Each structure stands twice: as C-alpha cells, then as structure tokens.
Amino acid sequence: MQIKKPQAIAERIYRHLKQEIFDFQLLPGDRFSENDIALRMAASRTPVRQALYALEQEGYVEVQSRSGWQIKAVDFDHLESLYDLRIVLELEAVKRLCNFPAEVHPLPLQALRQFWLDAPPLADGAEVASHDEVFHMTLVEATGNPEMARVHRDITEKIRIVRRLDFTQRPRVSATYLEHGQILLAILNRQLQEAQTRLHDHIAASQKEVRQITLHMLQQAKHGVIR
C-alpha cells in the first residue's frame, strides 16, 4: 500500500478548494475552520493548513483571528485593474499577430478557427467559459512572448471566479461565439484596427457584466439557480 506524502495531500486539498471557489461552492464571506476542511477532506490539519496558506498567498482566503478562515470578498476595484491590464496585453498581442507576414498562419490560430467558426457551438455555459479562457490565452501565447503569456495566465486565473458568471447568461454565450469569430477573421485577414476594436469591445462587454455582479448572484450560482 502506497502512503501519500503530506505535500501531495496538501496539493490535492489546495486544488479541490480552489475549484470549489471557482465553482461558487465556496462564496465570498464563507467561514470555516481547519478542522472543518480536515474532516471533509479526510486529512490531518497539517496539509489542510499548507493548502490554506497557499490559497491565502494567492488572495483567495484570509485567516480570521479566533474564527478560522474566510473566503475573501470580491474586490471589484482590483478586478477593474486586472481587466484593464488584460486589455493592454491582448491588444498588443493582436497587433503582433496582425504584423505577421501574410503567408504565416500559426497553427494555434487555425485550431481556434476550427472551434469557434467551423465546429457546432456548445450549449453548456461552463464548457464555453473554459474554451473562452483558452481563446484569449492562445492569442497571447501565439505571439511567442513567454513573459506576456505568463502574466496573462496569472490575470486569467485571478478573474476566473467572476468571469465565469458571464457565461451563465445564454445571450452572452451566443455573443461570445459571434465576437470570437469576428476577432479571429480580422486577425487572419491582418485587419489590425478591426481586430483591436472588436477585441476591446468584446472584453469591455464582459467587464461591464462583472461590474453588475452581486453577492446575490453568487448565491444563486451556488444553488444552481442561474447555471
């Protein structure tokens, strides 16, 4: 029988709790103790504490004196700043992609075209949300600048918890398919101004939805009301 190392257990708990935050099973303001998590995860408190410290460093939870841990409240001002930085990075990525020679057709962009333009659209909002992240990260990664891609990935993860609410609304799912297709065609046709304008408007629409998110909406998401 193989005995799992404490670090591996801490990693499992870390990933599980993080996914629960992303899936709105743990909401901003929710409180819990290390014992609560240890019992639920069938683990000792040591790996639980390691997992929680890792989540604290990433800004997802905070320790409360005498009352255990708490999921941090959504900081909308911080989210606005992250969205602004995301726009800067993606507009620069589009500029670089449009400046590629006409005969250069990066395979990642061809794969995006196949999914967003050629394949039948998916109906499940959660699936579309995942592919939406891949779409935007691929645009940045296709430029060939690993540092731009790394920063963009970090931003993507930090805004994921609220960004996914954008895909609980059916019109936004349909709009994402349309807008991604328009952005891709503009890039592939080297239409820089068109591509940047459509990308900016696409992200701005999502950013506007984020501004309207309330704790009530998160509570509805937790109970599957708007999924």
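## The nonpolar core

In this predicted model, the largest nonpolar core holds 60 residues, of which Ile13, Leu17, Val61, Leu109, Trp116, Leu139 and Ile187 touch the most other members. Helix α4, spanning residues 76–98, gives the most to this core, with 9 residues. In soluble globular proteins, nonpolar side chains tend to be buried together.

Val61, one of the core residues named above, may be considered individually. Leaving aside residues up to four places away in sequence, Val61 touches Ile21, Phe32, Leu52, Leu55, Glu56, Trp69, Gln70, Ile71 and Lys72.

## The pairing of α8 and α9

Helix α8 (residues 170–188) packs with helix α9 (residues 192–211) at an angle of about 160 degrees, and their axes lie 8 Å apart. Because angles over 145 degrees count as roughly antiparallel, α8 is roughly antiparallel to α9. The two helices cross in a left-handed manner.

On the α8 side, the contact is formed by Arg172, Thr176, Glu179, His180, Gln182, Ile183, Ala186 and Ile187. Helix α9 contributes Glu194, Ala195, Arg198, Leu199, His202, Ala205, Ser206 and Glu209. By character, the residues of this contact comprise 6 nonpolar, 5 polar and 5 charged. Ile187 of α8 takes part in this contact and is also among the core residues that touch the most other members.

## Loop residues with positive phi

Most residues other than glycine have a negative phi. Ala42, in the loop between α2 (34–41) and α3 (45–57), has a positive phi, near 55 degrees. With a relative accessible area of 72%, Ala42 is exposed.

Arg190 is located in the loop between α8 and α9. Its phi is also positive, with a value near 60 degrees.

Methods. Residues numbered from 1 in each chain as written. Predicted model: local features only at pLDDT ≥ 70, side-chain atom pairs only at ≥ 80, totals over all residues. Heavy atoms only, no water. Axes fitted to C-alpha atoms, helices over the stretch in contact; angles between N-to-C directions. Helix = DSSP H or I, 4+ residues; strand = E, 2+ residues; numbered from the N terminus. Parallel < 35°, antiparallel > 145°, perpendicular 65-115°, else oblique. Left-handed = near helix turned anticlockwise from the far one by under 90°. Contact = heavy atoms within 4.5 Å. Nonpolar A, V, L, I, M, F, W, Y, C, P; charged D, E, K, R; others polar. Core = buried A, V, L, I, M, F, W, Y, C linked by side-chain atoms within 4.5 Å. Buried < 20%, exposed > 50% of the residue type's maximum accessible area, 1.4 Å probe, protein only.
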